[in-house]
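Here's a quick tour of a protein model for you to follow along with. Keep the picture open while you read.

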Amino acid sequence: MSNHEWSFQTKLLHNEAKVDLGTGAVSVPIHHSSTFHQFDVDKFGKYDYARSGNPTREALEQAIAELEGGTRGLAFSSGMAAISTAFLLLSQGDHVLVTEDVYGGTFRIITDVLTRFGIEHTFVDMTDLHQVASEIRPNTKVIYMETPSNPLLKVTDIRGIVNLAKANGCLTFLDNTFLTPELQRPLELGVDVVLHSATKFLAGHSDVLAGLAVVKDAEIGERLYKLQNAFGAVLGVQDAWLVLRGLKTLHVRLKQSSESALKLAKFLSEHPKVEEVYYPGLSFHPGYETQRYQAEGAGAVLSFKLADGEAVKTLVQNVKLPVFAVSLGAVESILSYPAKMSHAAMPPEEREKRGISDGLLRLSVGLENVDDLIKDFAEALEKLPQINRKESVR
Ligand SMILES: *Cc1c(COP(=O)(O)O)cnc(C)c1O
């Protein structure tokens, strides 16, 4: 069933998993089987043991491969399981260049775990191609991107980094959690491994933990598959089904949430109590042009800076609609406090250096009516003391 002629929106529904060929079921059957009977002693079937392969997980793996424009998808028990397994492509003595405002969990695996196995790293400002070029070493094997980055929504020039990597014989990994293939398809820009926390927009309902990796190159795909099977952090079948279910509405969810995010970003950027707004859909965002060039939208996540930790406390105590929680990419709006949540694993001085101050909040915009969200934030912001707003913002 080749679907190349259909738009992304249609492909979300009309893919390999559309109809179960055995029964005609229009929802992917959940195959609760850890092992598979072999009918022929000389010729084993496609499936033998569920860590190595299960039809339900495979349906999701095929779906994400097709949506990202790859040849192989792999599903893991969490985003961190996918990211950690991808790092197992590296060996002792290798070096990785990492974007400096990387997800906190990725920061932890790189600094606390990979270092014990002799894998070195350097954090760089990935928006500065000269800095990236100057930090590449003879043993650099991977350049690791996250764009837009978390939580400052910095935009990396994907093609620029890919060109640098190719010229220096290294692979590129990209965490595509914030935009999903709906808005950004890094494999088409030459990236080698796309990674996802499917826990977020792909599944979209704050009800499942899942991770995905997608590649275009068959040889890298085979190596990653062997690592997935060896390491064993595979996604369970119930969870695979929940991600497949979530995927069906990805287009409408992201469209609605992105539109609301832009409206909220504009509202916040004009508000006297807000010092700065970070959203790549705002024309004064430094990454605006790059974002427009390499992605089909700015996504549904934005960050904004209040005066200090006290202001954050007051706002959080007064907003009524968003849940105050870690995570993002769900039907309900989620307000997060990076300094104490996603980036709590980062030492305070590292955080400050990266601009993740005590006044910074991140908002993942959900499916509530945007006027209700704006009203909610307007009322909560009223409770904050007046500040002298920096004019540098625009
Ligand atoms: C949540 C997240 C992860 C980690 O994914 P889990 O599913 O929580 O393990 C990685 N990268 C980004 C950008 C995330 O938001």
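A residue counts as near a molecule if one of its heavy atoms lies within 4 Å of it. With that in hand, 14 residues surround the ligand here. Bear in mind that this is a predicted model. The protein is assigned two domains, domain 1 (3-247) and domain 2 (251-393).

**Around the ligand**

- The closest residues to the ligand are Gly-79, Met-80, Asp-175, Thr-199 and Lys-200.
- Gly-79 uses its backbone: an N or O atom there lies 2.8 Å from an oxygen atom of the ligand.
- Thr-199 has a polar side-chain atom 2.7 Å from a ligand oxygen.
- Lys-200 also places a polar side-chain atom 2.7 Å from an oxygen atom of the ligand.

**How the two domains meet**

- Taken over C-alpha atoms, the centres of domain 1 and domain 2 are 27 Å apart.
- Their contact takes 38 residues from domain 1 and 40 residues from domain 2.

**The nonpolar cores**

- In soluble globular proteins, nonpolar side chains tend to be buried together.
- The largest nonpolar core in this model has 57 residues, and the members touching the most others are Leu-60, Val-132, Ile-143, Val-243, Leu-247 and Leu-250.
- Several elements each supply at least two residues of this core, including helix H2 (55-68), strand S4 (140-146) and helix H10 (250-269).
- H2 gives the most to this core, with six residues.
- Both domains chip in, with at least three residues of this core from each of domain 1 and domain 2.
- Zoom in on Val-132 and, leaving out residues up to four places away in sequence, you'll find it touching Leu-97, Val-124, Asp-125, Met-126, Ile-143, Ile-161 and Leu-164.
- Apart from the largest core lies another core of 32 residues, among them Val-277, Leu-282, Val-319 and Phe-377.

**Helix H12, a helix with two faces**

- Which residues of helix H12 (residues 309-318) are buried? They are Ala-311, Val-312, Leu-315 and Val-316.
- These buried residues cover an arc of only 130 degrees around the axis, so they sit on the same side of H12.
- Turned away from that buried side is a face carrying the exposed residues Glu-310 and Gln-317.
- The cover over the buried residues of H12 includes strand S9 (301-305), strand S10 (323-324), strand S11 (334-336), strand S12 (360-364) and helix H14 (370-382).
- At the start of H12, a side-chain oxygen of Asp-308 comes to within 3.2 Å of the backbone nitrogen of Glu-310.

**Pro-322, a buried loop residue**

- Pro-322 is in the loop between H12 and S10.
- Is Pro-322 buried or exposed? Pro-322 counts as buried because its relative accessibility is 8%, and the cut-off for buried is under 20%.
- Leaving out residues up to four places away in sequence, Pro-322 touches Ser-333, Leu-335, Leu-363, Asp-376 and Phe-377.
- Pro-322 and Ser-78 are 244 residues apart along the chain, and their C-alpha atoms are separated by 24 Å.

**Arg-351, a buried arginine**

- Arg-351 lies in helix H13 (residues 348-353).
- Arg-351 is buried too, with a relative accessible area of 10%.
- What does Arg-351 touch, not counting residues up to four places away in sequence? The list is Ala-339, His-343, Met-346, Ile-356 and Asp-358.

Notes:
Residues are numbered from 1 along each chain as its sequence is written. This is a predicted model: local features need pLDDT of at least 70, side-chain atom pairs count only at pLDDT 80 or more; totals for chains, interfaces and linings use all residues. Side-chain values use heavy atoms; hydrogens and water are left out. Helices (H or I, at least four residues) and strands (E, at least two) are DSSP runs, numbered from the N terminus. Buried means under 20% relative accessible area, exposed over 50%, partly exposed in between (1.4 Å probe, protein chains only). Contact means heavy atoms within 4.5 Å. A nonpolar core is a set of buried Ala, Val, Leu, Ile, Met, Phe, Trp, Tyr and Cys residues joined through side-chain atoms within 4.5 Å. Domain bounds come from an automatic or database domain assignment. The arc is that of the directions from the helix axis to the C-beta atoms. A polar contact is a pair of N or O atoms within 3.5 Å; within protein, one must be able to donate a hydrogen and the other to accept it, and residues adjacent in sequence count only if both atoms are side-chain atoms.
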